[in-house]
Amino acid sequence: SSHCKWRVMAVCLCLSSLVGVQAQTVTEQTFKGTPHDEVQKSMSRRDWSGAMATVDEYLKDQPRDPQMRFWRARLLEITQRSDLALLEYQSLAQEYPELPEVQNNLGVLLAAKGQTDEARVAFENALRNNPQYAIAHENLGDIFLHLAQRAYDNAIRLRGQARSLTQKTTALKPALQLTSPDLP
């Protein structure tokens, strides 16, 4: 979703705390040399293929590792393979529904595909697991804007243009322009 303005939790699943509204990034630091550290190191250098090779090699022996699977999904997303990333996030969300970062990133990909109802559920799941997750709150707010627009459009279709509806849709347009342009 590089063309969208949806906020994703990048790079690291922080199982106990989150970094806030900015996507988490990795800086060069002292790495211990574990596969997880090597992935972080590769990602900090934007070496997507190197990071993916490490992830895939590790997952051969540890196929259920949620951190590596999250990084795999994120790398798929970064390298423009969003359909595969979506499948990975869906699988992770099913196996580890308690991980808010997974739910948020799943919601981002669903929203980018125009699946606003499914995205809403994913963002709500993220917030159920971490009510302090600012990025998921922002994404859910964006979804509500799009759902409001859809409801107003339905009202116009069913009853025709009414002054109050026209005023509401006009007032909503600037806020919608600040969100993902990919949603209907």
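How accessible is Glu95: buried, exposed or partly exposed? At 36% relative accessibility, Glu95 counts as partly exposed, because the buried class ends under 20% and the exposed class begins over 50%. Keep in mind that we're looking at a predicted model here.

Glu95 makes a good way in, since its side chain meets that of Arg69 in a salt bridge, 3.1 Å from N to O. Glu95 sits in helix α4 and Arg69 in helix α3, so this pair ties together parts that are 26 residues apart in sequence. On the Arg69 side, the relative accessibility is just 5%, so that residue counts as buried.

Now stay with Arg69 and look for another partner. Arg69 also forms a salt bridge with Glu88, with the closest N and O atoms 3.1 Å apart. This is another link between distant parts of the chain: Arg69 belongs to helix α3 (residues 66-78), Glu88 to helix α4 (residues 82-95), and 19 residues separate them. Both Arg69 and Glu88 are buried.

Zoom out a little and these contacts turn out to be part of a network: salt bridges with shared partners join Asp56, Arg64, Arg69, Arg72, Glu88 and Glu95. The structure as a whole holds eleven salt bridges.

For a local one, head over to helix α2 (residues 48-61), where Glu57 and Lys60 lie three residues apart, about one turn of the helix. Their side chains meet in a salt bridge at 3.3 Å, N to O. Glu57 is partly exposed at 47% relative accessibility, while Lys60, with a relative accessible area of 62%, is exposed.

Key
Residues are numbered from 1 along each chain as its sequence is written. This is a predicted model: local features need pLDDT of at least 70, side-chain atom pairs count only at pLDDT 80 or more; totals for chains, interfaces and linings use all residues. Side-chain values use heavy atoms; hydrogens and water are left out. A salt bridge is a side-chain nitrogen of Lys or Arg within 4 Å of a carboxyl oxygen of Asp or Glu. Helices (H or I, at least four residues) and strands (E, at least two) are DSSP runs, numbered from the N terminus. Buried means under 20% relative accessible area, exposed over 50%, partly exposed in between (1.4 Å probe, protein chains only).
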